[in-house]
Amino acid sequence: MAKDSKEEIKALNYAVYQSNIFVAKEGSSVGELKLPHGLVVDVTNQNVVIADSANARVQIFNHEGNLVSILGESFFKCPWGVAVNRTHIYVTDVYLHTIFRFRKSDLTLISATGTKGNLEEEFNFPAQPTLSHNGFLYIPDRYNNRIQILNPEFVFIKQVKNKVFSEPVDVKVTVSTVYVLCCPEKPAIHILKEEVVQTIDFPTVLSAYFFCIDPYRNFVVSDFHGGFVKIFKESNLLFKLGEGKVKENGEGELFHPCGVGFSGGKIASVSHNAKFGLQIFSPPPYPRFLPD
């Protein structure tokens, strides 16, 4: 474990992690990835659902890194974000400005909504969505600078706008709080709770399009141009995952890391690594690496 004396960073080299899984080389064949972006971990079965953007499809891997199924090759142009619940998989497409809903049991397309625009149920780059506890879909409408909320049948509920929203690209929700990742080239997470906004900046992150929240309420942020997945307690960097060799494609090296998920003690990261597009890391006991 390395330590930066200036910033007092506890940084984890990927080699500290046990049972690493490195799969999905770059390509267009079954089980290969090409410029993937969004990722979500299905908590019902631990499967990893990935928007395989340049291949215009969604691929689903199990927690061992084995391909389970492929979704929607005839529907998409550039799938970007994915969300999943007990019954359905949702996919946003940034070229079509559309969101799709598939039945999870047989991957049948149930419905789709959206076209380019700025009205209700219109989008301009629908990014990484998420689902609330009551099944509502929160969709970052990037270039309209808003979050649109739809019910499970794609009926418009409301939009969330705030003067601090600049290019929202990812969103997470709890029962009472909305977390919005904005401004990818100068990333910040805006926390909305009872109409009050708190902003968390990440000065050590070069750019970010995806994040998740771990069981300890830390922010797990993919630093796209930095080549790391970084874990923060508010704005304080706790540790980072990856080698930071943004032009390398070896094990544990995260070239343009994108979607990230945390489930069952494992961190799943998808990146543009030409040899290992999907990497699943199993850390030692997580609290061991938190500051005293």
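Start by selecting Ser28, which counts as partly exposed because its relative accessibility is 47%; bear in mind throughout that this is a predicted model. Ser28 belongs to the loop that runs between strand E3 (18-23) and strand E4 (39-41). If you now show its surroundings and leave aside the neighbours within four places in sequence, you will find Ser28 in contact with Lys34, Asn55 and Arg57. Add Ala56 to the selection and draw the C-alpha to C-alpha distance from Ser28, which comes to 9.7 Å for two residues that are 28 residues apart in sequence.

Next, select strands E8 to E11, an open sheet of four strands in the order E8-E9-E10-E11, where the pairing is antiparallel. Look at the edges, where E8 and E11 each have a single partner strand, so that one side of each is left without a neighbour in the sheet. Direction ignored, neighbouring strands of this sheet are turned against each other by 20° on average. Within the sheet, E8 pairs with strand E9 (residues 88-93) in the antiparallel sense over five bridges, and if you pick out Val82 you can follow the bridge to its partner in E9, Val91.

Turn then to the aromatic residues, of which the structure holds 14 pairs. Select Trp80 and Phe125, whose ring centres are 5.0 Å apart and whose planes stand at 75°, so the pair is edge-to-face. Trp80 lies in strand E8 (residues 79-84), while Phe125 lies in the loop between strand E11 (109-113) and strand E12 (130-131), so this pair ties together parts that are 45 residues apart in sequence. Trp80 and Phe125 are both buried.

Move on to Phe202 and Phe219, an edge-to-face aromatic pair with 6.2 Å from centre to centre and 80° between the planes. Phe202 is found in the loop between strand E19 (196-201) and strand E20 (211-213), and Phe219 in strand E21 (residues 219-223), so the pair ties together parts that are 17 residues apart in sequence. Both Phe202 and Phe219 are buried. Widen the selection to include Tyr179, Phe211 and Phe232, and you have the one aromatic cluster that these residues form with Phe202 and Phe219.

Keep Phe211 displayed and add Lys172, whose charged end sits over the ring of Phe211 at 4.9 Å from its centre. For a last stop, select Lys240 and Phe228: the charged end of Lys240 sits over the ring of Phe228, 4.6 Å from the ring centre.

Methods:
Residues are numbered from 1 along each chain as its sequence is written. This is a predicted model: local features need pLDDT of at least 70, side-chain atom pairs count only at pLDDT 80 or more; totals for chains, interfaces and linings use all residues. Side-chain values use heavy atoms; hydrogens and water are left out. Rings of Phe, Tyr and Trp (its six-membered ring) pair if their centres lie within 6.5 Å; planes under 30 degrees apart count as stacked, over 60 as edge-to-face and the rest as tilted. Helices (H or I, at least four residues) and strands (E, at least two) are DSSP runs, numbered from the N terminus. Buried means under 20% relative accessible area, exposed over 50%, partly exposed in between (1.4 Å probe, protein chains only). A charge sits over a ring if NZ of Lys or CZ of Arg is within 6 Å of the ring centre and within 35 degrees of the ring normal. Contact means heavy atoms within 4.5 Å. Two strands pair if DSSP finds at least two bridges between them. Axes are lines fitted to C-alpha atoms, for helices over the stretch in contact, and angles run from 0 to 180 degrees between N-to-C directions.
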